[in-house]
Amino acid sequence: NNYNVRHPNSMTPTNVQSWPLRSAFTSSVGCPLAERTVGVVNRDDIRSEMGYNLFSNGKETYLINNDGRVVHTWRSHRQVFCAYLLENGNLLRDGSDNVEAELFKTGGAAGYVELVSWDNEPIWSWSARPIRRFLTHHDLEPLPGGGCLVMLWERHTKEEALAVGRSPELIPDGEVWDNHVVELRPNGKGGADEVWTWKLWDHLCQDLNPDLPNYVSCPSQATHRFDINCCPVNGKQGCRDRTTIGKKGGASSHAPQGKTGEKDWVHANAVSYSAERDAVLISLNVPCELIMVDRQSGSIVWRWGSPMNWGGGTRLEQRLFCQHAAHFVEGAGGNRVLLFNNGRQPDRHWSSVDEIEIPTAAAGAVSTTGNLAWTFGPPAGRQGSFYCTHISSVQRLGNGNTLVLMGPQAIVFEVTPQGDEVFRYVCPVQTVNGGEAECVVRQGEQRAEGRYSLFCFRRYPTTFAAFAGRDLTPCRHLEG
């Protein structure tokens, strides 16, 4: 029978033969793209940007070509959440410390930052101490000169939170976590020094008690500060799934009951730096907001995403929904931000990739406006719509295309500025046995149940300086 299905190399339906129940191929070698079920299943070599793709799963970091063949790997002693390849061939990565840091068991928890060579030899490492009070998490940002920005949680007691105006009803866990951004610079002794630190705790306001610090009669008059009592109902879970609000349990087994004012109350999940602005961008996941910090003064100079947070609008003016991977667009002068806008159930039940233009604010003023310059992601029910409850990432490529990672599904696709898909990768690697990466999926088969999720996936062009003089002979496909 002929069915109206989408051909893998086209964004429009075509009348072609239906897919076979099972492919005759058990390896990607020689297997046509049309019959592949895992690995690279779609590739337009003319319109796709050629390069090498970096991603981490468990303790392994892989570098694969655009056909999904491995050209290099790195192995860590710890689970790796995110990794960045530098121009000199070194790899900057984080590392999980969940064994020691039992007090920070939540999404994005890391603990270590380390730099290793192309051959996986250690160069330097760093961890915040004491580990019962501090822990690195989520994202890193490589900086010119060999340093990096790292995100850090700091535990504050209930008494410390009350002292800065936190409402007693908004401390259900008995503690509240602050979020830091720390700049690290290698010290030449196998470690790194902290040379700059920004703390959200230093930029709070509250309208609860005029006798406590940072009191304001109305948060809308203090947009340069973040309201410590800005806590969405049901916390992170309520922001992702509004159907769980008011329920004693989650809407499903994977949607546990959230807490209003939970300890990880803003769940910062991305950091980016613009040299042109000398500014740091921070993504606050639970409040659904981006903030930009002037690096010299430490002041918040731009806020965008959810005007309700500062009393500047209603929920109908909310534009961000549990976003991830927000970063300055390279080559845009620090004037544009690209992000993965996750969405939420049930009223914004689709994800999108959004590019935001940041206006220039008057000196000393905090800007709260932004313009949508480009977006990709049709609403639910339309062809090409996609939805990711959490994680996920996005990258603008050198040819103008955009690389999108659907994190929970571990599926990557590349689209042109017009929205045509020119590459798709279905990751065959899952995490098992406490952090080991394993692939048991053969070409022609579907992925079985398991943890295939990825936090980030980045492509480096073939001309990237790190590849000069390196042996990049393609080896095996990960699948099969």
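This is a walk through a predicted model, one selection at a time.

**Stop 1: a four-stranded sheet**

Start by selecting residues 134-142, which make up strand S11, and 192-199, which make up strand S14. These are the edge strands of an open sheet, and each of them pairs on one side only. Now bring in the rest: the sheet has 4 strands in the order S11-S12-S13-S14, and the pairing is antiparallel. Turn the view and follow the twist, which averages 30° from one strand to the next.

Next, zoom in on residues 175-186, strand S13. Its antiparallel pairing with S14 runs over 7 bridges. For a landmark, pick Val181 and look across to S14, where Trp198 stands opposite.

While you are here, show the side chains of Glu183 and Arg185. They meet in a salt bridge, 3.7 Å from N to O. Which of the two is buried and which is partly exposed? Glu183 is buried, with a relative accessible area of 8%, while Arg185 is partly exposed at 45%.

**Stop 2: just before S11**

Step back along the chain to the loop between strand S10 (122-126) and S11, where you will find Pro130. Check the bond that joins Arg129 to Pro130: this peptide is cis, with omega about 0°. Most peptide bonds are trans.

Arg132 is in that loop between S10 and S11 too. Select Arg132 together with Glu102, and you have a salt bridge with the closest N and O atoms 3.5 Å apart. Glu102 comes from the loop between strand S8 (91-96) and strand S9 (111-116), so this pair links distant parts of the chain, 30 residues apart. Arg132 is exposed at 54% relative accessible area, and Glu102 is partly exposed at 39%.

**Stop 3: the S17-S18 hairpin**

Jump to residues 268-274, strand S17. This strand is mostly covered, with 6 of its 7 residues buried. Strand S18, residues 279-284, runs antiparallel to S17 and is joined to it by 6 bridges. One pair of bridge partners to click on is Val271 and Ile282 in S18.

Now look at the turn. There are 4 residues between the strands of this hairpin, and Asp278 takes a positive phi near 50°. Most residues other than glycine have a negative phi. Is Asp278 buried or exposed? Asp278 counts as buried, at 17% relative accessibility, because the cut-off for buried is under 20%.

For another case, go to Asn214, in the loop between strand S15 (204-205) and strand S16 (226-227). Asn214 also has a positive phi without being a glycine, near 60°. Asn214 is partly exposed, with a relative accessible area of 29%.

**Stop 4: around S22**

Select Phe340 and Phe386. Their rings form a tilted aromatic pair, 6.1 Å centre to centre with 50° between the planes. Why bother with this one? Phe340 lies in strand S22 and Phe386 in the loop between strand S24 (371-376) and strand S25 (393-396), so the pair ties together parts that are 46 residues apart in sequence. Both rings belong to buried residues, Phe340 and Phe386. Over the whole structure, there are 18 aromatic pairs.

From S22 (336-341), carry on into the loop that leads to strand S23 (352-357), and you will meet Pro346. Here is another cis peptide bond, between Gln345 and Pro346, with omega about -5°.

**Stop 5: charges and rings**

Show Arg424 and Glu421, whose side chains meet in a salt bridge at 2.9 Å, N to O. Glu421 counts as buried at 10% relative accessibility, and Arg424 as partly exposed at 22%.

Add Phe423 and Arg459 to the view: the charged end of Arg459 sits over the Phe423 ring, 4.5 Å from its centre. Then try Tyr52, Tyr460, Phe464 and Phe467, which ring pairs link into a cluster.

Finish with two more selections. Arg78 lies over the face of Tyr112, 3.6 Å from the ring centre. Arg36, Arg43, Asp45 and Asp67 form a network of salt bridges. If you want to keep hunting, a search of the whole structure finds 24 salt bridges.

Terms used:
Residues are numbered from 1 along each chain as its sequence is written. This is a predicted model: local features need pLDDT of at least 70, side-chain atom pairs count only at pLDDT 80 or more; totals for chains, interfaces and linings use all residues. Side-chain values use heavy atoms; hydrogens and water are left out. Two strands pair if DSSP finds at least two bridges between them. Helices (H or I, at least four residues) and strands (E, at least two) are DSSP runs, numbered from the N terminus. Axes are lines fitted to C-alpha atoms, for helices over the stretch in contact, and angles run from 0 to 180 degrees between N-to-C directions. Buried means under 20% relative accessible area, exposed over 50%, partly exposed in between (1.4 Å probe, protein chains only). A salt bridge is a side-chain nitrogen of Lys or Arg within 4 Å of a carboxyl oxygen of Asp or Glu. Rings of Phe, Tyr and Trp (its six-membered ring) pair if their centres lie within 6.5 Å; planes under 30 degrees apart count as stacked, over 60 as edge-to-face and the rest as tilted. A charge sits over a ring if NZ of Lys or CZ of Arg is within 6 Å of the ring centre and within 35 degrees of the ring normal.
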